[in-house]
Amino acid sequence: MAQIEDIKKVWLQGCSTHQANTAMVSKSDFIDAIRTRIKKENKIIFEYIVAIGVWHMIIYAVMTHLVVRHWGNWHIMAYALAGIVMYIPYTIVFMKRIGGKNLRAIAPVQGAVSDIKSNLKIHYQQLSAFFRFKKKFDFIGIPLTCFIMVMLLSNLRIIPAIEKQLAVVVIFFVVYLTLFITATIVDNRKRFKQPLKQLEIVLKEMDEI
Amino acid sequence: MNKAAFEDKFLEDVNANIGIVHRICNSYYLDPDERDDLFQDILYQLWKSYPSFNGDSKFSTWMYRVALNTAIAGYRKQKRSFKKESLTGKILEVPSSNEQQILDEQMTLLYTAINGLSPVDKAIVLLFLDECSYDQIASIVGISRNNVSVKLVRIKKKLEERLKDKMK
């Protein structure tokens with residue numbers, strides 16, 4: 001059956017009789033499938049909320065606590081307030097995407113009218129727009145977060161004061177920065193780079209003649 | 001329409017065209033777990049999108065669009081050690097005639113050959129084999145008719161070569 005016409009003949013004949021092509025979906029199968037998928041989707045959203053949402057809540061809680069606890073200590077108050085102000089725009093964008101709708105591995109189908117390419121393009125644009133924003137935030141946010149954390153630790157005397165042992169403070173800053181950058185690279189690769197690359201390949205292939 | 005009736009209507013429409021979902025799953029993944037996973041994904045996406053189906057196109061065309069979109073967008077590298085017998089596993093349980101057995105083997109061979117194509121090529125060849133016109137393929141995939149025609153020439157050649165190799 002190496003000729004396309006023979007292939008088509010086998011295909012059409014096989015599709016109507018091949019059991020793997022004809023098994024129906026019972027109501028219980030359907031309910032099970034929907035339940036499983038909802039669980040899977042909730043897990044993705046939950047992971048995302050845990051990864052980012054809880055981190056934001058910790059930042060706000062700790063910074064607010066420091067402001068209240070060290071009221072009058074302008075150094076600590078300034079760093080803590082800077083931390084809060086810096087995270088607000090990111091939290092707003094995050095809240096808009098709280099449903100995780102732009103972070104699913106599978107492109108949500110936009111409705112009956114759009115074709116596959118348009119759907120994939122929309123999914124690609126949404127994902128890359130969020131990734132662009134995240135990269136910009138990370139570029140400024142990560143060093144600033146590390147700086148604020150180290151300065152607060154130094155002011156709280158958890159690590160030596162900056163005036164006394166600058167080298168130790170710098171080492172702490174570098175360690176925090178390395179940890180943050182590594183975690184961000186791993187997360188970006190999993191959530192953004194790989195899915196975007198996959199979508200890029202498919203879209204490029206669709207355009208090729 | 002109440003929820004139960006809506007679900008029944010959905011299942012009736014989907015089951016009338018369930019072959020589309022099976023053919024897509026069998027073509028995109030050879031591993032049974034990955035196939036089941038995709039089957040569930042497609043069913044879920046169909047269910048979620050069902051209220052937006054307004055009857056502008058045929059139900060089967062709409063179903064192709066949703067199912068192929070799900071398969072392509074969620075496409076991931078396949079596990080290396082899939083159980084090859086699984087595709088025919090269910091069939092072997094059913095007593096079948098010699099003629100039917102040959103046809104089943106040919107179908108398995110065909111699915112394996114299609115599986116080696118890229119996600120987009122798989123979508124195009126599936127639509128072609130299911131007797132969709134070039135215009136229909138172009139409208140479902142979202143590329144020009146000319147592009148469909150050029151791609152199909154290449155895909156047919158690839159498929160023929162793959163089948164020749166597999167039959168050797």
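# Exercises on the Interface of Chains A and B

The side chains of Asp37(B) and Arg37(A) form a salt bridge, with N and O 3.2 Å apart. The exercises below concern this predicted model.

**Exercise 1.** Determine which helices hold Asp37(B) and Arg37(A), and state whether each residue is buried or exposed.

*Solution.*
Step 1. Asp37(B) belongs to helix H3 (residues 32–49) of chain B, and Arg37(A) to helix H2 of chain A, so the pair joins two chains.
Step 2. The relative accessible area of Asp37(B) is 26%, and the residue is partly exposed.
Step 3. Arg37(A) has a relative accessible area of 4% and is buried, since buried means under 20%.

**Exercise 2.** Identify the salt bridges of Lys27(A) with Glu7(B) and Asp8(B), and place them in their network.

*Solution.*
Step 1. Side chains of opposite charge can pair when their charged atoms come close.
Step 2. Between Asp8(B) and Lys27(A), the closest N and O atoms are 2.9 Å apart.
Step 3. For the salt bridge of Glu7(B) with Lys27(A), the corresponding separation is 3.5 Å. Glu7(B) lies in helix H1 (residues 3–16) of chain B and Lys27(A) in helix H2 of chain A, so this pair also joins two chains.
Step 4. Glu7(B) is buried at 11% relative accessible area, whereas Lys27(A) is partly exposed at 30%.
Step 5. A network of salt bridges links Lys27(A), Lys3(B), Glu7(B) and Asp8(B).

**Exercise 3.** Describe the extent of the interface between chain B and chain A.

*Solution.*
Step 1. On the chain B side, 73 residues are in contact with 53 residues of chain A.
Step 2. The two chains bury about 5700 Å² between them, and carbon and sulfur atoms account for 63% of it.
Step 3. Within chain B, the residues losing the most area to chain A are Tyr44(B), Asn69(B) and Leu129(B), together 11% of what that side buries.
Step 4. The interface contains 6 salt bridges, and 14 residue pairs are in polar contact between the chains.

**Exercise 4.** Characterise the salt bridge between Arg191(A) and Asp187(A).

*Solution.*
Step 1. The N to O distance between the two side chains is 2.8 Å.
Step 2. Both residues lie in helix H5 (residues 166–207) of chain A, 4 residues apart, about one turn of the helix.
Step 3. Arg191(A) is buried, with a relative accessible area of 15%.

**Exercise 5.** State how many helices and strands chain B has, and what share of its residues is buried.

*Solution.*
Step 1. Chain B has 9 helices and 0 strands.
Step 2. Of its 168 residues, 56% are buried.

Technical notes: Residues numbered from 1 in each chain as written. Chains lettered and ligands numbered in written order. Predicted model: local features only at pLDDT ≥ 70, side-chain atom pairs only at ≥ 80, totals over all residues. Heavy atoms only, no water. Contact = heavy atoms within 4.5 Å. Buried area = accessible area lost by both parts, 1.4 Å probe. Salt bridge = Lys/Arg side-chain N within 4 Å of Asp/Glu carboxyl O. Polar contact = N/O pair within 3.5 Å; in protein donor to acceptor, adjacent residues only side chain to side chain. Buried < 20%, exposed > 50% of the residue type's maximum accessible area, 1.4 Å probe, protein only.
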